[in-house]
Amino acid sequence: MTTDSPTRACPGCGLVLPLSDCSPNPRYHTSPECWQLYGELSAYTVTRVVGGFIHQLAVDAYAAQHAGEQSRPIGVAFALVGLYLTCEKGYSGAQVQHMHMLLARRSKTWPRFTSPSTRGDLTVRDVLQAPPGEQRDEMLRRWGRSIWTAWSQQHARVKDLFEQVMAD
């Protein structure tokens, strides 16, 4: 007779993982187990010296996929702007990070965005399951695109926000 171990679904991405004693990050709409996977991905991405600072894409993808009521408006806005610049404009992570710094200097007020009912076809686990190196980096890019696509109802608003703040 086998017993199934208890699981928990992440409220942000829906990923179901075995229950752990980890603590969640209160800034994100996430389960502790999903947050732990994000920590593993972050450890990987910060060590990547190729790809133009791919860590920024991981930060923005996770923040957008796990946006919730507790999320700060600036965090969601920056995540969506980062995905817009990456997915539609072809910016590298380093370029996105630079744009985030410029945006932060130009505005202190950020709108709230309503999260979509679905948050993308891929999760942080899908990225981690890809072999390290170019395959994992490509899966990270696919993950970012899937999340950006999930937020399609907000695309025009994100683009307008970016252009307005940068024009001021």
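**Tyr62 and its ring partner**

I looked up tyrosine 62 first and found a relative accessibility of 0%, so I entered this residue as buried. The model is a predicted one, and my values are computed from it.

I then counted aromatic pairs and got 8. One of them joins tyrosine 28 to tyrosine 62, with 5.7 Å from centre to centre and 80° between the planes. I noted this pair as edge-to-face, because the angle is over 60 degrees. Where do the two tyrosines of this pair lie in the chain? Tyrosine 28 is in the loop between strand 2 (16-18) and helix 1 (32-45), while tyrosine 62 belongs to helix 2 (residues 55-65). The two are 34 residues apart, and the pair links distant parts of the chain. I checked tyrosine 28 for exposure as well: its relative accessible area is 16%, and it is buried. Ring pairs also bring in Trp35 and Tyr38, which form a cluster with Tyr28 and Tyr62.

**Phe78 and Trp110**

I next took the rings of phenylalanine 78 and tryptophan 110. Their centres are 5.1 Å apart and their planes stand at 90°, so I recorded this pair as edge-to-face too. Phenylalanine 78 sits in helix 3 (residues 73-89), and tryptophan 110 sits in the loop between helix 4 (93-106) and helix 5 (124-129). This pair again links distant parts of the chain, 32 residues apart. Both residues came out as buried: phenylalanine 78 has a relative accessible area of 12%, and tryptophan 110 has 10%.

**Charges over rings**

I searched for arginines placed over aromatic faces. Arginine 136 lies over the face of tyrosine 44, at 4.7 Å from the ring centre. Arginine 157 has its charged end over the ring of phenylalanine 113, 4.3 Å from the centre.

**The largest nonpolar core**

I listed the largest nonpolar core and found 48 residues in it. Which of its residues touch the most other members? I noted Leu41, Leu80, Phe113, Val124, Leu140, Trp143 and Trp151. Helices 1, 2, 3, 4 and 5 each give two or more residues to this core, as do helix 6 (134-150) and helix 7 (155-167). Helix 3 gives the most, with 9 residues.

I followed up tryptophan 151 by its contacts, leaving out residues up to four places away in sequence. Its list holds Ala64, Ala67, Val76, Leu80, Phe113, Thr114, Ser115 and Pro116.

**Salt bridges**

How many salt bridges are there? I counted 5. In one of them, the side chains of aspartate 137 and arginine 48 meet at 2.6 Å, N to O. Aspartate 137 is in helix 6 and arginine 48 is in the loop between helix 1 and helix 2, so this bridge ties together parts 89 residues apart in sequence. Aspartate 137 is buried, at 2% relative accessibility, whereas arginine 48 is partly exposed, at 22%.

I then looked at glutamate 138. Its side chain forms a salt bridge with arginine 141 (3.1 Å, N to O) and another with arginine 145 (3.1 Å, N to O). Glutamate 138 and arginine 141 are 3 residues apart in helix 6, which means a separation of about one helical turn. I entered glutamate 138 as partly exposed, at 31%, and likewise arginine 141, at 26%, and arginine 145, at 36%. With Glu134 added, these residues are linked in a network of salt bridges: Glu134, Glu138, Arg141 and Arg145.

Technical notes:
Residues are numbered from 1 along each chain as its sequence is written. This is a predicted model: local features need pLDDT of at least 70, side-chain atom pairs count only at pLDDT 80 or more; totals for chains, interfaces and linings use all residues. Side-chain values use heavy atoms; hydrogens and water are left out. Rings of Phe, Tyr and Trp (its six-membered ring) pair if their centres lie within 6.5 Å; planes under 30 degrees apart count as stacked, over 60 as edge-to-face and the rest as tilted. Helices (H or I, at least four residues) and strands (E, at least two) are DSSP runs, numbered from the N terminus. Buried means under 20% relative accessible area, exposed over 50%, partly exposed in between (1.4 Å probe, protein chains only). A charge sits over a ring if NZ of Lys or CZ of Arg is within 6 Å of the ring centre and within 35 degrees of the ring normal. A nonpolar core is a set of buried Ala, Val, Leu, Ile, Met, Phe, Trp, Tyr and Cys residues joined through side-chain atoms within 4.5 Å. Contact means heavy atoms within 4.5 Å. A salt bridge is a side-chain nitrogen of Lys or Arg within 4 Å of a carboxyl oxygen of Asp or Glu.
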